[in-house]
Amino acid sequence: MKKLLLSLFICTTVSSYGQELETILLAREDAAKITNAYLQPAFKGFIYSMNSGWYHTAKVHKKFGFDITIGASASFIPEEEEIFDLMSIELSNNTTFNTSITPTVGGDGAPATINYQSTVMGQNVSTSFQMPNGVKEELPLNSVPAPSIQVGVGLPFKLDVMLRYTPKVGSNNVEGDVFGFGLKKEITDWLGIVGKTPFHLSVLAAYSNMNVDYTIGNVNSQEITTRNAQAEFNLNAYTFQAIASVNLPVVNFYGGVGFNSGNTTLNMLGEYTLTYNTGNPVLPNVSETINDPFSLKESVSSFNATIGARFSLGFFKLFGSYTLQEYGTLNAGIAFSFR
């Protein structure tokens, strides 16, 4: 189950994001800015999805009670972030384009053609390439999905500790792993007589980490040759929540307010040989080799509010929630809960 869930996530998102990214390197000093703008929805969506699904009740377990939760979150890419404007990211005068509006990774439609002119090895050179397509049609409901498999255990002092862990799995060219840790403290007793009702109140703090390695491999085209090329993606996500729930025998209504934040890093590694046209019949092409071309870093944060419901059939639970934030996030899953 763990391998199936994570492989689905990787194959439908990260592999698609990696397609043709190396081509953007032909823009040299502008390559990092263009790549960052193209991948913005992926960076944000992963953070918001990984920060979701940590709870489906404010009530904690009895001491050494536990639950096993299998769920998935999907953060919806806003329509305005399905495209970006090349004119807005302060490119150099060496880079021009046939149209300034082009899809991000979460969009669709015709991508822009980039034209680049500069001096390489003392020669005036030029090249052109097409931006990568968006993968909107490949994403479920145009969202960035993230599965989670979580174990929660009750501790003394009305504490629950939660652990997410998936060992490195995937295909031959894409591998990823997930780790997360959360702590929930019930404070219902602080409210006096309210502690005798079905109402429960807790606070939660959680951290998630995800690493994905995408092997670009050895590419040998007219304009780009690569050797040992790969992309490394790392995510750290943090969430802080105040949670309330009304726990009735069959249905449980829950919600929370809080703050999500996180950061991502994408490293493009390996050796890339870029070939440009000089327009000179004596020396028609000139090549330049670069190593580890760039590292992209992105941070996001957002206040949020969540509302959800859980249905119980004994130890079996079925739940779903929606979180209102910068990227609205849907979470759903099943849980097996004891004590």
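This passage describes the largest pocket of a predicted model, one buried aspartate and two residues with positive phi. Local features need pLDDT of at least 70, side-chain atom pairs count only at pLDDT 80 or more, and totals for chains, interfaces and linings use all residues. Residues are numbered from 1 along each chain as its sequence is written, and side-chain values use heavy atoms, without hydrogens and water.

The largest pocket holds about 590 Å³ of space. A pocket is an open set of points on a 1 Å grid over the protein atoms alone, where a 1.4 Å probe fits, with protein on both sides within 12 Å along at least five of seven lines. The volume is the space filled by probe spheres set on the points, which are joined across faces, edges and corners. Its lining comprises 34 residues, each with an atom within 4 Å of a point. Closest to the centre are Thr57, Lys59, Val60, His61 and Arg310.

Aspartate 160 is found in strand β8; strands are DSSP runs (E, at least two residues), numbered from the N terminus. Aspartate 160 is buried (under 20% relative accessible area, 1.4 Å probe, protein chains only), because its relative accessibility is 3%. Its side chain reaches the backbone nitrogen of histidine 61 at 3.1 Å.

Two residues other than glycine have positive phi. Phenylalanine 157, with phi near 65 degrees, lies in the loop between β7 and β8. Aspartate 292, with phi near 45 degrees, sits in the loop between β13 and β14. Most residues other than glycine have a negative phi.

Terms used:
Helix = DSSP H or I, 4+ residues; strand = E, 2+ residues; numbered from the N terminus. Buried < 20%, exposed > 50% of the residue type's maximum accessible area, 1.4 Å probe, protein only. Polar contact = N/O pair within 3.5 Å; in protein donor to acceptor, adjacent residues only side chain to side chain.
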